[in-house]
Every structure is written in structure tokens, then in C-alpha cells.
Amino acid sequence: MEELSINDLPDDLILKIFSSLPFFKENVATHLLTKRWEDPWKLVPDFMFDDSDNTCGSFVRIMSFVYGSLLFDKSQTLERFHLKINCDHSASDINFLVKLAVNRSVRKLRFQTFGKTLDLPSCLSTCVTLKSLILHEVRIKVVPSCFRLPSLKSLHLFSVKFSGFETLKSFLQSCPDLEYLVVKNVLFKTVLPRFLLSSLKSMQLLSCSFWKNESVASLLRICPVLEHLVVNQTQMFSSNVTTSITCRALKTLILRDLCITLVPPSFCMPSLKTMHLLSVTFSGGESVESLLRICPNLEDLVVNKTEVFDSNECTMSSCGTLKRLTLSELTIKVVLPWFRLPFLKDLDLLSVKFSGEESIASFLPICPVLEYLAVEQTKDDSVMFEDVPVWFCLPSLKGLHLISVIFSGDESFAKLIQRCPVLEILVINRTRDDNVVMFNIDAPSLRSLSIDNSKGKRAYVEENHGFVINAPCLEKMDFKDTFSNFLVFEDMPEVTEANIQVICGQSEKFIGSLTSIRHLSLCSLSSETPYPSGTTFPYLEHLELCTCSAGWANLLVCLLKDAPRLQYLKLKSEHGARYNDPMILWKEPTVVPECLSTHLEIMEWRQYEDTEQERNVAAYLLANATCLKMANIINKM
């Protein structure tokens, strides 16, 4: 077999290789190897200079060799330019490299000098194409008065050391159109209120520090149009906030891994709609409520590993405007009877525990108009629904997600569903030890049902265990069950889309109740047809059938015969052959199904293994599908 050279590769692939190779030597060698283009660098959109392994002599001589062709053609556009400088180079050498990038309309520029001082290249002041600048481990001593970054929109400062805040201020002032700022491991010495970041809309402060009484609040005074703020391991407030500060434009605030000891009452965020408190602690008498008081229009609150309710007071009494609330990995100790969240519609309780006499049944009534509830537990959590009191009701709840939730028994689950009179969406992901033997789902208003009972290992249970479902208005169903031995589905005439994966012997009313189905995805290990003889599916147009069972081929014949309007057929083996019985031989129909001769237009077969049975089925389908427009058969890899 003839060996291929780099010249035989497609142009796009060679360009990708050029863009990803570390410079010098690899790219210089590649330049000598390829002869397809006289100047291949003209087409490379990205360039990185890394001198950490530079043994090739003069800096300027080598870079002149690499960029020689570029000096004569300024029409090339450079998307990204990365300078990773570990050796000592003169300011003129750095400026030479940057000027090459500026002349080629560079859009993204990155400097990394490993703590060495960077003299800001003067040529950047004329670069109107530069939109993004990243400085990493750079020291800046002086910002020339004439230095400008006229079109810069995004700035990242990672472990950058400035000689003082005046230097930092001058640098930020050189970016008049700056909209996005990320600062990590930077020291702010003094924040001068006389200058403004008038265009800044988004800011992230990560592991930053402040001298004396300065804080993030001090910076917010100079960001009049800031809309999004992320603060991580950085002091949010200080006692230095003596004047009134109103962040009128701020809409999103994310606080992570920090401690709040003071929330100034003169600080206000009247437009804040979303706040995330992630591993935030409070001291000095402050609490979550202290923050909520300065956010009078908050609608979306996420609290993770942060104390919200304690034994002394109910700290969320100031969030009357909340519409969405997520509580995760925390403990609720007390819920006062007068406390309400009058407008809350979405509630997520993720690994939330209740202590003392409190329970989820005592917590949920504080949300009188709740429409969507998600509850998720970990394997070490205790029973979430111990009992459902007679007074308990969720009159507005439309969506309920139960992820690995532990009940006290069958009755507590059945009562929960009964106390949701307008429930439309139900999602159940079972856990191994949920204490429920038979899930009784009696929900007259239910429209969408998703059940996953396939995860983990279960001990063998001789008694009947599974699901009894009565949902006459159900329209969509996703049912995956590898453990149940008992399934009862009452008539579901409205279901138009269903994804069913089961291994137990089903009731004949299982699939037979789906008389209005239009889109069916089916995986059944039963060797018997899972619906009564004589059942038809007059509206079924889209069928996906898994070939992992021993009797899949004959089940296919039955479905083709009973679905006269079928237009799309997909055969697949997503789970592999997992049957123990011998393969049931294919019985070719004596009469060609109506759908093959009148409607079937598309056929797909995935994971095709070319067995004798599969060849027979494929040949029959292709020979009799007279309306077929597309057939795609893909072998198993």
C-alpha cells in the first residue's frame, strides 16, 4: 500500500494541523515538507508563539523565516494570536510580533509572560479589529498615556500584577468599549470613584483581594450599566460602604465560596432578577434574608450548601416576589406557619433534608400557587414522604419530577398523586430502596408520563411489583422498565407518542391501549405479541423497533400488518442481543402488509449484523415496499 504524505491530505485538514502545532520547530519543519502552497501560513487563522524550547538562535531571524511570506501579503486575516514568552526578549521584538498580528486584523490576542514585565505594544492603539485580550501571569508597571484598545470588548486578567491601582485604572480606561471583564488573582489596592467603566455589562471576580476596607461593592460604584456579576472567593461587602450604592442595571448575581459578614443597608439592587448563593456562609448576624432585603424584585433564587432556614428565624420572609427557587444540599430546620412564598411557581428540592418535626409536607404549603416541583434525593437520604396528611394539597401543580425519592410505602405515593388534581407532567426515576412495591398512578389530567425503572441492582421479589396506570388524557409516554413483573395500563386513547422499553411479560392491555399512537419506539423482550389479537393502529406513521429480543422479527410482522398507514420504519439494536432463548425464526407473511405497498417511504436499519434472519427480513422489506423513497442500512461496528 502506497504511503501518503502530508501533501495528499485535504486542505482543511492541513490548515487544522498548522493551527494546532506548537511553534517554532514543528511548523518550520512542516513548512519545508509541504510544497502544495508556496506560503501556507497565509491561510492559517491561528498562531501561537512559545519560546519555552527555543534553541534555534536569534528570535527575530527565526520569526522572520516563519512570517516571511506574511510581510508581503497583508490581506491575510489572523483570528487568534498567542504569545507564550518565557525567555527575555526586548520590547521591540515583542512589538514586532504583535505588529504582524495587528497588520493581519487579529481579533483575539493572548499574552503569557510567567511573571515578567510586559511593555504594552504601542501598535495595539491602532488595532480596530482586536475584540478579545487575555493577560496571564503578566506584570504591568506603566500604561502610556497614549495607549488605547479602541475596539476591545472582552478582557481577561489572570494573575496580573499592576504597580498600583492608578496603573490598573489607566489600563481599564484604555478600553472605552469594554463589555466583558474576567479578573482572577488580582489585588485591588484602592478603588477610585472618579473613573467609570461606562460600557461594562458583565464582570467575574475570582479569588481577588482588596486592601483595607475596599470590596466588590466599591467596584460596583464605577460600573453603572453592569448587568451580570460573578464573585468567587472574593470579599463582597466591607464597612467602607458608607454612601448609598444602587446597582440599577444589575440583573444577575452569582456568589460562590465566600463569607458575608456585613450587608450594608445603603446597598440596593432594585433590578436584580436572578441570584445564586453557592457555598456562601454568613456571620455577624447576617443571613440570606439580609441579601434578599436589598433585592426587592428578585424572581429566581438558587441556594446550594448555604443555610436558609435555621432554628431562630425563617430567613426568607423578604422574597415575596420569587417565582423560581432551587434549594440543594442543605437542611431545613424550621418553617414558620405564617411564612409564604405567594408567587412561587417553580421549586427544586435537590438533596434537601428536613430536621426535627419539619417535613416536605409542612414545607410545600408555603407555595400556594406552585406549578412545577422537582424532588431529588441521594442514596443516603431518609424517607422524604413519610406521610401525606389529609389537609395536604397542591391545587396548582402541573409538573412533578420525582428522582430517586424515598416513600414510606405504596400509600404515601398514591396519596401524593391524588393530592395533585391538575397534574399534567409526571417524571419518576426510581431508586432501589424507595419502599414502593406497586406504583398506583391515577391521574385524570395527566398528559405526559416518563418512568425510568432500570437503574441499579434489585433483589428478586416474588410478589407482584410494578405499575398500575390510569391516565385517560395521556398524550406522551416514555417508559423504561427492566425490573417490574406487573404492568397494568388502562385505556389511553389520546397517546400519540410513546417510547417503551420493557422486559417483563406485559398485560395484553399494555400496548393495545395505545390505539391513537402516531410515533412508537418499542423494545420488548416478550416472545408474545404484547396486545390483543385484532388490535389495529390506524394512525401509526413512525415505528422504531429494537431487535434485541428473540422474537423481534415476528413482532415486526404483526406491527406492519396492524399499522396500515406506516410511513417510517427504523430497526435498531441499542441494547444488544440480551435474550437467552433461541432466536425465533422469521415467518414471512403470506399477505403483504398494506403499509408496505401503499405508505412506507423511509426505512433505516442500525447495527445490522447480516445474519441469515436479518438478510431475509431486509430482502422481504426491500422487495415489497413499493413506495420506498429511501433505505439506509448501517452495519454494526
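This is a short conversation about reading aromatic pairs, a cavity and a sheet in a predicted model.

Biologist: Let's start with the rings. How many aromatic pairs does the structure hold?

Modeller: There are 13 aromatic pairs. To read one, look at the distance between ring centres and the angle between planes; angles under 30 degrees count as stacked, over 60 as edge-to-face, and the rest as tilted. Take Phe162 and Phe171: their ring centres are 6.0 Å apart and their planes meet at 50°, so this pair is tilted. Phe162 and Phe171 are both buried.

Biologist: And what kind of pair do Phe385 and Phe407 form?

Modeller: A stacked one, with 5.3 Å from centre to centre and 15° between the planes.

Biologist: Where in the chain do Phe385 and Phe407 sit?

Modeller: Phe385 is in the loop between strand 20 (372-376) and strand 21 (399-403), while Phe407 is in the loop between strand 21 and helix 9 (410-418). They are 22 residues apart, so the pair links distant parts of the chain.

Biologist: Are these two rings buried or exposed?

Modeller: For burial, the cut-off is under 20% relative accessible area. Phe385 has 3% and is buried; Phe407, at 2%, is buried as well. Both also belong to one aromatic cluster, together with Phe413, Phe439, Phe467, Phe479 and Phe489.

Biologist: On to empty space. How many cavities of 30 Å³ or more turn up?

Modeller: A search of the whole structure gives 5. The largest cavity holds about 70 Å³ of space.

Biologist: Which residues line the largest cavity?

Modeller: Among them are Leu157, Leu168, Leu172, Leu181, Val183, Phe188, Met203 and Cys223. Helix 5 (165-173) and strand 8 (180-184) are the elements that each give two or more residues to this lining. By class, the lining has 11 nonpolar residues, no polar ones and no charged ones.

Biologist: Last one, the sheet. In what order do the 3 strands of the open sheet come?

Modeller: Read across the sheet, the order is 23-25-27, with parallel pairing. In an open sheet, check the edges: strand 23 (438-442) and strand 27 (486-489) each have a single partner strand, so one side of each has no neighbour in the sheet. From one strand to the next, the twist averages 5°.

Biologist: How many bridges join strand 23 to strand 25?

Modeller: Strand 23 and strand 25 (residues 466-470) run parallel and are joined by 5 bridges. To see one of these in the structure, find Asp442: its bridge partner in strand 25 is Asn470.

Methods:
Residues are numbered from 1 along each chain as its sequence is written. This is a predicted model: local features need pLDDT of at least 70, side-chain atom pairs count only at pLDDT 80 or more; totals for chains, interfaces and linings use all residues. Side-chain values use heavy atoms; hydrogens and water are left out. Rings of Phe, Tyr and Trp (its six-membered ring) pair if their centres lie within 6.5 Å; planes under 30 degrees apart count as stacked, over 60 as edge-to-face and the rest as tilted. Buried means under 20% relative accessible area, exposed over 50%, partly exposed in between (1.4 Å probe, protein chains only). Helices (H or I, at least four residues) and strands (E, at least two) are DSSP runs, numbered from the N terminus. On a 1 Å grid over the protein atoms alone, a cavity is a set of points where a 1.4 Å probe fits but cannot get out, and a pocket is an open set with protein on both sides within 12 Å along at least five of seven lines; lining residues have an atom within 4 Å of a point. Grid points are joined across faces, edges and corners, and a volume is the space filled by probe spheres set on the points. Ala, Val, Leu, Ile, Met, Phe, Trp, Tyr, Cys and Pro count as nonpolar, Asp, Glu, Lys and Arg as charged, and the others, Gly among them, as polar. Two strands pair if DSSP finds at least two bridges between them. Axes are lines fitted to C-alpha atoms, for helices over the stretch in contact, and angles run from 0 to 180 degrees between N-to-C directions.
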